[in-house]
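Colleague: I'm new to this one, so could you walk me through the terms as we go? I'd like to hear what stands behind each label.

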Amino acid sequence: MKSLHCHRPALLALLLGMTASLIFAENGAAKPSPENFSVTTKNFALNFVVSGDGRLYQRTLGAADATTKTARTDECYPPAGDGFIWEPALQVVHADGNTSTSLIFDGVARTNDAAGRELTRISLHDPAFPLEVALNFRADRERDVVEQWTEIIHHEAGPVTLERMASTALLLPAKNVYLTHFFGDWAKEMLTPITELVTPGTKVLDSKIGVRAEQFRNPSFVLSLDGPPAENGGRVLAGLLEWSGSFQCAFDDNGQSLRALCGVNPFASAYHLNPNEIFSTPKMIWAWSTNGLGEMSRNLHRWARDFGLRDGHKTRAVLLNNWEATGFAFDFNRIVGLYDPAKEIGTELFLLDDGWFGNKYPRVNDHAGLGDWQPNRQRLPDGLAPLATEAVKRGLRFGIWMEPEMVNPKSELFDQHPDWVIAQPKRKLELQRNQLVLDLTRPEVQAFEWQTIQDILGVTNITYAKWDCNRYLTQPGSSYLAPDRQSHLWIDYVNALYALMDKTAKKYPDTELMLCSGGGGRADYGALKYFHEFWPSDNTDPVQRVPMQWDYSYFFPPMALASHVTHWGNRPIHFACSVAMSARFGMDLDLTKLSAADKAICAGAISAYLKIRDVTQLGDLYRLEDPHSNARGTLNFVSPDRARAVMFAFQLQDGSAAPVRPQGLDPAKNYTVRELNPAPGRAVIPQEGKTFTGEELMRDGVVPSCAHAIEACVIELGS
Ligand code: DGJ
């Protein structure tokens with residue numbers, strides 16, 4: 001049983017807690033035809049009808065309707081080979097070689113989970129083959145968020161081959177739908193938002209690189225039904241795939257309606273499913289709003305704090321990382337020398353980055369050492385524990401970097417196990433950043449990586465880790481998988497990775513984890529549920545971070561975006577601090593080299609941040625002025641009880657100090673205006689220290705202290 005998502009069928013009912021009330025009897029008893037039913041949340045409904053032909057059709061999206069008219073184009077989860085002519089969700093080669101599948105409705109069952117989410121499970125089967133499909137929808141009613149996934153099982157005489165197995169094939173019975181998606185690359189993650197009208201044909205957004213799969217695009221998008229998406233109006237539907245491997249989102253427009261087929265990328269991924277095993281697709285998240293992107297994001301952020309991240313209701317520490325400060329050039333004394341200045345300016349957690357390990361092939365640059373996870377004896381003669389203990393003694397927590405999935409050919413690990421890497425026989429090994437990916441489908445590699453993680457996280461006083469992943473797959477061959485199972489690599493790798501992440505989260509519940517992949521190459525809720533936050537990009541130029549963090553915030557709560565003050569872009573430190581304060585604040589600077597003036601600005605920013613981080617991390621985000629199309633970007637956060645708020649203005653080009661109008665305040669409540677950590681030398685803002693009602697502030701705005709390029713202003717609206 002290769003896929004971790006394969007279970008014995010008897011177990012499945014157990015796992016899903018199927019004590020459900022059946023709406024329709026599973027075995028054909030009272031199966032009315034045609035029949036309507038829905039998956040609903042507060043403002044959203046996915047409406048289905050079982051037609052006279054026994055097939056399941058999707059009808060409207062959004063408000064419920066009574067239509068029962070059906071056409072083959074509207075089949076809910078269309079299978080290939082038996083009359084359906086558009087892009088299929090499911091394509092199967094049966095054990096006898098037959099390439100057709102047909103799906104007939106069996107029944108629908110509903111259960112509630114402990115968190116109050118409703119699970120709707122629709123059962124379908126092929127009338128000619130013992131093959132069953134279950135469509136699952138888990139609805140978070142209050143947030144208008146629905147997770148959707150599909151399970152496939154069969155009892156044929158031998159394996160069947162899944163050529164396509166989408167998580168979802170959601171139908172938007174609408175014309176003139178706009179699609180917003182985000183193109184990127186290393187240091188440019190999410191930086192190119194594209195909004196386009198979907199026209200007839202199939203538009204594909206995908207990744208075929210398996211590991212660090214999201215380097216060029218994130219598996220997240222927005223569909224808008226009332227013209228291009230707007231922040232505060234119109235029907236929008238965000239789609240986010242919970243998958244850290246090769247993915248495909250195909251938008252198939254047949255001139256009448258638009259279908260979004262999303263899931264694992266079918267490219268080179270044929271999956272041979274043994275009888276009685278279950279193939280479970282990744283989950284797709286759908287988030288709906290009739291009030292535009294702002295409400296959609298706030299709903300998603302709330303959902304993420306509850307279900308998408310670890311400890312989503314706990315504020316994150318202010319972190320100091322040494323990567324930009326020292327790179328690979330450090331030893332015990334150099335690192336310990338950073339602790340006191342770190343503590344002095346108020347940081348709470350120190351993160352030791354790459355370069356601490358490897359002996360025969362020391363990790364003194366990125367050419368060697370990956371795979372040899374023993375602390376370097378010259379740099380750290382007594383290992384990691386004294387470094388961590390020294391940090392704790394000085395009032396800092398200690399965190400560590402690791403990249404457990406990778407190996408340098410210059411390593412003892414590779415010397416001993418050259419066959420453990422993902423490679424294609426007869427081809428010259430292709431390196432990226434001088435490294436290779438270990439083959440996680442191989443049990444010995446799984447055991448090795450798990451041991452590595454335990455050896456690192458088991459060190460006394462390590463309470464934080466950054467899990468990195470710095471290359472993608474270009475030669476997808478496994479010496480472990482059988483020749484006829486090579487195409488399983490893409491999927492089995494990710495499932496084995498999730499098993500490892502899951503074990504890590506369970507064994508170290510108090511260790512916070514940062515998800516990193518050479519920046520944002522792995523920023524998705526498939527992995528994020530085992531982590532506390534992610535590293536959005538190595539690009540920490542705050543001028544670039546303003547639009548980048550804006551774009552990420554469509555899908556991820558700012559508390560999950562690590563944002564560090566560095567010297568990238570050589571921007572004024574006040575601007576850099578202000579930008580970092582609007583997400584999970586951290587620093588990556590050699591504090592020993594910082595001028596006294598800059599140090600004071602950093603210390604002021606941290607002390608201000610400690611007072612407002614419960615609002616910025618746990619509150620609601622309102623995006624105000626889009627930095628992509630304005631001289632400045634502005635946003636504000638509001639605490640869950642709406643008693644406090646924090647406003648940010650990031651001036652990217654020269655402009656005017658026009659008032660910033662916050663949103664989401666309680667109109668009747670009083671708020672006192674205070675600029676936090678004002679930049680030295682700037683005039684006091686006109687409303688400083690004055691109290692206004694929420695209504696007045698939202699109507700008249702607050703005049704910020706910045707009007708010139710690369711100035712920023714952070715304003716608290718306090719109680
Ligand atoms: C890539 C990460 O994005 C950086 O922050 C740093 O951790 C390096 N890897 C270390 O090799």
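Modeller: Here is a tour by question and reply, from the domains to the sheets, the ligand and a few single residues.

Colleague: What kind of model is this?

Modeller: A predicted one.

Colleague: Which domains does the protein have, and where do their bounds come from?

Modeller: The bounds come from an automatic or database domain assignment. That assignment gives domain 1 (12–308), domain 2 (319–535) and domain 3 (621–718). As for spacing, 40 Å separates the C-alpha centres of domain 2 and domain 3.

Colleague: Let's start with the sheet of strands 2, 3 and 4. What makes strand 2 and strand 4 edge strands?

Modeller: The sheet is open, and its three strands come in the order 2-3-4 with antiparallel pairing. Strand 2 (35–40) and strand 4 (56–61) each pair on one side only, and that is what the word edge refers to. From one strand to the next, the twist averages 25 degrees.

Colleague: How do you know that strand 2 and strand 3 are paired?

Modeller: Pairing takes at least two bridges found by DSSP. Strand 2 and strand 3 (residues 45–50) are joined by six and run antiparallel, so they count as a pair. One of the matches is Glu35 with its bridge partner Val50 in strand 3.

Colleague: What makes you say strand 6 is mostly covered?

Modeller: A residue is called buried when its relative accessible area is under 20%. In strand 6 (residues 104–112), eight of the nine residues are buried.

Colleague: And what does strand 6 pair with?

Modeller: With strand 7 (residues 118–125), in the antiparallel sense, over eight bridges. Val108 has Ile122 as its bridge partner in strand 7. Together strand 6 and strand 7 make a hairpin, with five residues between them. Gly116 sits in that turn and has a positive phi of about 90 degrees.

Colleague: Now helix 4. Which of its residues are buried?

Modeller: Helix 4 (residues 332–345) has Ile335, Val336, Leu338, Tyr339, Pro341, Ala342 and Ile345 as its buried residues.

Colleague: What makes Asp331 a cap for helix 4?

Modeller: A side-chain oxygen of Asp331 lies 3.2 Å from the backbone nitrogen of Asn333, at the N-terminal end of the helix. A polar contact needs its two atoms within 3.5 Å, and 3.2 Å meets that. After helix 4 comes Gly346, with a positive phi near 110 degrees.

Colleague: Why is strand 26 described as largely enclosed?

Modeller: Because five of its six residues (462–467) are buried, the rest of the structure largely encloses strand 26.

Colleague: Which strands does strand 26 pair with?

Modeller: Strand 23 (residues 397–402) runs parallel to strand 26 and is joined to it by five bridges. Met402 stands opposite Trp467 of strand 26. Strand 27 (residues 512–515) also pairs with strand 26 in the parallel sense, over four bridges, and Ala465 has Leu513 in strand 27 as its bridge partner. The chain gets from strand 26 to strand 27 through helix 8 (residues 489–507), in a right-handed β-α-β crossover.

Colleague: Which residues come nearest to the ligand?

Modeller: There are 13 residues around it, and Asp353, Asp354, Lys466, Asp468 and Asp538 come nearest.

Colleague: How do you know that side chains make polar contacts with the ligand?

Modeller: The limit is 3.5 Å between N or O atoms. A side-chain N or O atom of Asp538 is 2.4 Å from a ligand oxygen, and for Lys466 the value is 2.7 Å. Trp535 has a polar side-chain atom 3.5 Å from a ligand oxygen. These values are within the limit, so they count.

Colleague: Why is His574 called buried?

Modeller: Its relative accessibility is 7%, and the cut-off is under 20%, so it qualifies. His574 is found in helix 11 (residues 573–581). A polar atom of its side chain lies 2.8 Å from the backbone oxygen of Asn677.

Colleague: Last one: what leaves one side of strand 31 and of strand 35 without a neighbour?

Modeller: The six strands of this open sheet follow the order 31-32-33-36-34-35, with antiparallel pairing. Strand 31 (620–625) and strand 35 (691–693) each have a single partner strand, so one side of each has no neighbour in the sheet. Inside this sheet, strand 34 (residues 670–676) and strand 36 (residues 711–718) pair over five bridges, and Thr672 has Gly718 in strand 36 as its bridge partner.

Note on methods:
Residues are numbered from 1 along each chain as its sequence is written. This is a predicted model: local features need pLDDT of at least 70, side-chain atom pairs count only at pLDDT 80 or more; totals for chains, interfaces and linings use all residues. Side-chain values use heavy atoms; hydrogens and water are left out. Buried means under 20% relative accessible area, exposed over 50%, partly exposed in between (1.4 Å probe, protein chains only). Helices (H or I, at least four residues) and strands (E, at least two) are DSSP runs, numbered from the N terminus. A crossover is right-handed if, with the strands pointing away from the viewer, the path from the first strand over the helix to the second runs clockwise. Axes are lines fitted to C-alpha atoms, for helices over the stretch in contact, and angles run from 0 to 180 degrees between N-to-C directions. A residue is near a molecule or strand if one of its heavy atoms lies within 4 Å of it. A polar contact is a pair of N or O atoms within 3.5 Å; within protein, one must be able to donate a hydrogen and the other to accept it, and residues adjacent in sequence count only if both atoms are side-chain atoms.
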